[in-house]
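Please explain how chain B of the model shown here is put together. A guided reading is wanted, from the strands to the ligand and on to single side chains.

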Amino acid sequence: MSNQNGGKAAGFQGKLVDRAFNVLGVLLFLAVWQSASMLNLFGPDFSASFSPVAAFSALGEMISSGELLHHSIPSIRRVLTSLFLAIIVALPIGVLVGYFKRVEQLTYVVFQFMRMISPLAWMPIAIIIFGVGDVSVTFLLWLVAIWPLILNTSHGAGRVSPLWVNMSRTMGAGDSGILRKVIIPAAVPDMLTGLRLAVGVSWIILVPAEMLGVPDGLGYFILDTRDRFRYDQLMATIMVIGAIGYLLDSGNRWLIRKFAWKI
Amino acid sequence: MNDMAKTGKLLLELKDVCKTFRKDGAEFRVLEGVNLRIDEGEFVCILGPTGCGKSVTLQIVAGLLDQSSGSVILDGKEERGPGPHKGMVFQEYALLPWRNVIENVEIGLELKGVSKKERRRIAMEYLEIVGLKGSERSMVHEISGGMRQRAAIARALANHPKILLMDEPFEALDALTKEEMQIQILKAWEKTKTTIFFVTHDVDEAIFLSDKICVMDINPGRVKKIIDNRLPRPRHENVCRTDKAFGEMRDQIIQLYSSLKDDELDLVF
Ligand SMILES: Nc1ncnc2c1ncn2[C@@H]1O[C@H](COP(=O)(O)OP(=O)(O)O)[C@@H](O)[C@H]1O
Ligand SMILES: [Mg+2]
């Protein structure tokens, strides 16, 4: 009895200790950053405004002035729109590629080739076709998000055991039943892994993509703070970019925990 | 006692079923004119050494493979392709790992469009028949091999198949669980009165379970002899394995195989 209680307490305490180390890491990081700026490591002119203290006060200012929301919302909107469009296109393609050997052979070289090209390389073409603005940015993000989604979904659909397919046929499943009850659910864990990778790269590509002439967004705001010599706001924006990226990824990890089946 | 379920009506007939596979351009014959008749409510075992074509025969009946010639007639109709009226239990269970036990059992009913409430009710009924009540919410990776196979049997039975096809379903289980499952399948058979066509290479298993044993020969696979098994039922109590009649039947089957070369024999005696 006491053993069991002890084990439980130890488990709970263990979790607390784990969390404490996470927090400690963040504090250490801030301490190193603050010391670096106090030691003038960023140069004599700018070190003060590069400090976390300056960044946090600029962050407070940006929140109360509404600037933060004004620039975060378009960024999040662009990423989510492009992800949504990428999912719609990539999941069916991924299932086809994964399930039919011939489709995989047809697309293999092209897909491996395309996914190695930075979407920013397409930027001039995007601007010629869609003009400067939201559509171009969304297109570039879409272009970076589809590859991890397609490749992971096809990997998942390709792992479907022939045994499951035969079983479902003896249970009365036709092609659509096999697709709905076996292939798609079997591919869900890989789809979610693909989604996590897609969110990661989209969020990373977002900042340079928003430097291409849109009037708002976090990428735009980075350039704007630079032009106004507001390095404290620049550092605050960088922190916000990291924080939103972290939250998006946490959401993905939660989806994986909840919906990815185990063997 | 099970003579009540047996109507003497012919349910499944295999007529001159042949199967030829092509490998590296060469053809080789796996089944050579298999003939077999199974009556409604019967429990029939195919017994034969590994590689004699037992699985191929069962898959042809299930509609998962096409025969090269000959015909499979179920309930008076020539059969083509798989369907829910021919339930199949695979040696590897074939449960879907993203579903829990009861959701696995419900899959056939789901495909038929049965309402959720009705599905639950039917699935619970069959989980009870196979002795899995209480584990319906478990995930597949959480339960033992024996429990997985029970779930797979409940899943096949929940479709009300005309015939239940079982391909060495207990081979992956340990000896004790195997015996437990043999008793369980007899109980389920008596309750549901389903016709069962059961593949095994275990002589004792065939004798313990069946009304009729179809002994197969190898190279090419064909029916060597069909033996009527008149051991009394019910056989749950396990005593009958030591009966004189049980031993005699075992001897008879071993005699049949004595003509085969030793290296082709991997039957369990
Ligand atoms: N899909 C297939 N393609 C080619 N050969 C097969 C196929 N399925 C089975 N065979 C061959 O047919 C023979 C009988 O196989 P099987 O029915 O699995 O034997 P068992 O009696 O052990 O179940 C074996 O020699 C096997 O290699
Ligand atoms: Mg076999």
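The paragraphs below take up the strands of chain B, the surroundings of ligand 1 and two buried side chains in turn. The structure is a predicted model, and every value quoted is computed from it.

A convenient place to begin is strand 8 of chain B, which spans residues 195-200. Six of its six residues are buried, so the strand is largely enclosed by the rest of the structure. In a regular strand, side chains alternate between the two faces of the sheet. For strand 8 of chain B, both faces are covered. One side carries B:Thr195, B:Phe197 and B:Val199, the other carries B:Ile196, B:Phe198 and B:Thr200, and all of these are buried.

The pairing of strand 8 may be considered next. Strand 3 of chain B, residues 43-47, pairs with strand 8 of chain B in the parallel sense over five bridges. Within strand 8 of chain B, B:Ile196 is the residue that B:Phe43 stands opposite. Strand 7 of chain B, residues 163-167, also pairs with strand 8 of chain B in the parallel sense, over five bridges. Here B:Leu165 has B:Phe197 of strand 8 as its bridge partner. The connection from strand 7 to strand 8 of chain B passes through helix 6, residues 175-192, and this β-α-β crossover is right-handed.

A second group of strands in chain B forms an open sheet of four strands in the order 2-1-4-5, with antiparallel pairing. Strand 2 and strand 5 (77-78) of chain B stand at the edges, each with a single partner strand, so one side of each has no neighbour in the sheet. Strand 1 of chain B, residues 10-23, pairs with strand 2 of chain B over 10 antiparallel bridges. At this pairing B:Lys23 stands opposite B:Ala26 of strand 2. The two strands form a hairpin with two residues between them, and in that hairpin B:Asp24 takes a positive phi near 50°. Strand 1 of chain B is also joined by five bridges to strand 4 of chain B, residues 69-74, and these two run antiparallel. The bridge partner of B:Leu12 in strand 4 of chain B is B:Leu74. Strand 4 of chain B in turn pairs with strand 5 of chain B in the antiparallel sense over two bridges, where B:Leu74 stands opposite B:Lys77.

Which parts of chain B each supply at least two residues of the shell around ligand 1? They are strand 2 (26-39) and helix 1 (54-62). The largest share, three residues, comes from helix 1 of chain B. The residues surrounding the ligand are B:Phe21, B:Phe28, B:Val30, B:Pro49, B:Thr50, B:Gly51, B:Cys52, B:Gly53, B:Lys54, B:Ser55 and B:Val56. By class, the shell has six nonpolar, four polar and one charged residues. Backbone N or O atoms also approach oxygen atoms of ligand 1: the distance is 3.3 Å for B:Cys52, 3.1 Å for B:Gly53 and 2.9 Å for B:Val56. The protein covers 65% of the 560 Å² of accessible area that ligand 1 has on its own.

Helix 1 of chain B also holds B:Thr57. Is this residue buried or exposed? Its relative accessibility is 3%, so B:Thr57 counts as buried, the cut-off being under 20%. The side chain of B:Thr57 reaches the backbone oxygen of B:Gly53 at 2.7 Å. B:Gly53 therefore appears twice in this account, since it also belongs to the residues that surround ligand 1.

The last residue to consider is B:Arg233, which is placed in the loop between strand 10 (222-228) and helix 8 (244-257) of chain B. With a relative accessibility of 14%, B:Arg233 counts as buried because this value falls under the 20% cut-off. What do the polar atoms of its side chain meet? A polar atom of the B:Arg233 side chain lies 2.8 Å from the backbone oxygen of B:Leu209, and a polar contact of 2.8 Å joins the side chains of B:Arg233 and B:Asp211. As for its position relative to B:Leu157, the two residues are 76 residues apart along the chain, and their C-alpha atoms are separated by 22 Å.

Note on methods: Residues numbered from 1 in each chain as written. Chains lettered and ligands numbered in written order. Predicted model: local features only at pLDDT ≥ 70, side-chain atom pairs only at ≥ 80, totals over all residues. Heavy atoms only, no water. Buried < 20%, exposed > 50% of the residue type's maximum accessible area, 1.4 Å probe, protein only. Pairing = 2+ DSSP bridges. Right-handed = clockwise from strand over helix to strand, strands pointing away. Near = heavy atom within 4 Å. Polar contact = N/O pair within 3.5 Å; in protein donor to acceptor, adjacent residues only side chain to side chain. Areas by Shrake-Rupley, 256 points an atom, 1.4 Å probe, with all protein chains shown as cover. Nonpolar A, V, L, I, M, F, W, Y, C, P; charged D, E, K, R; others polar.
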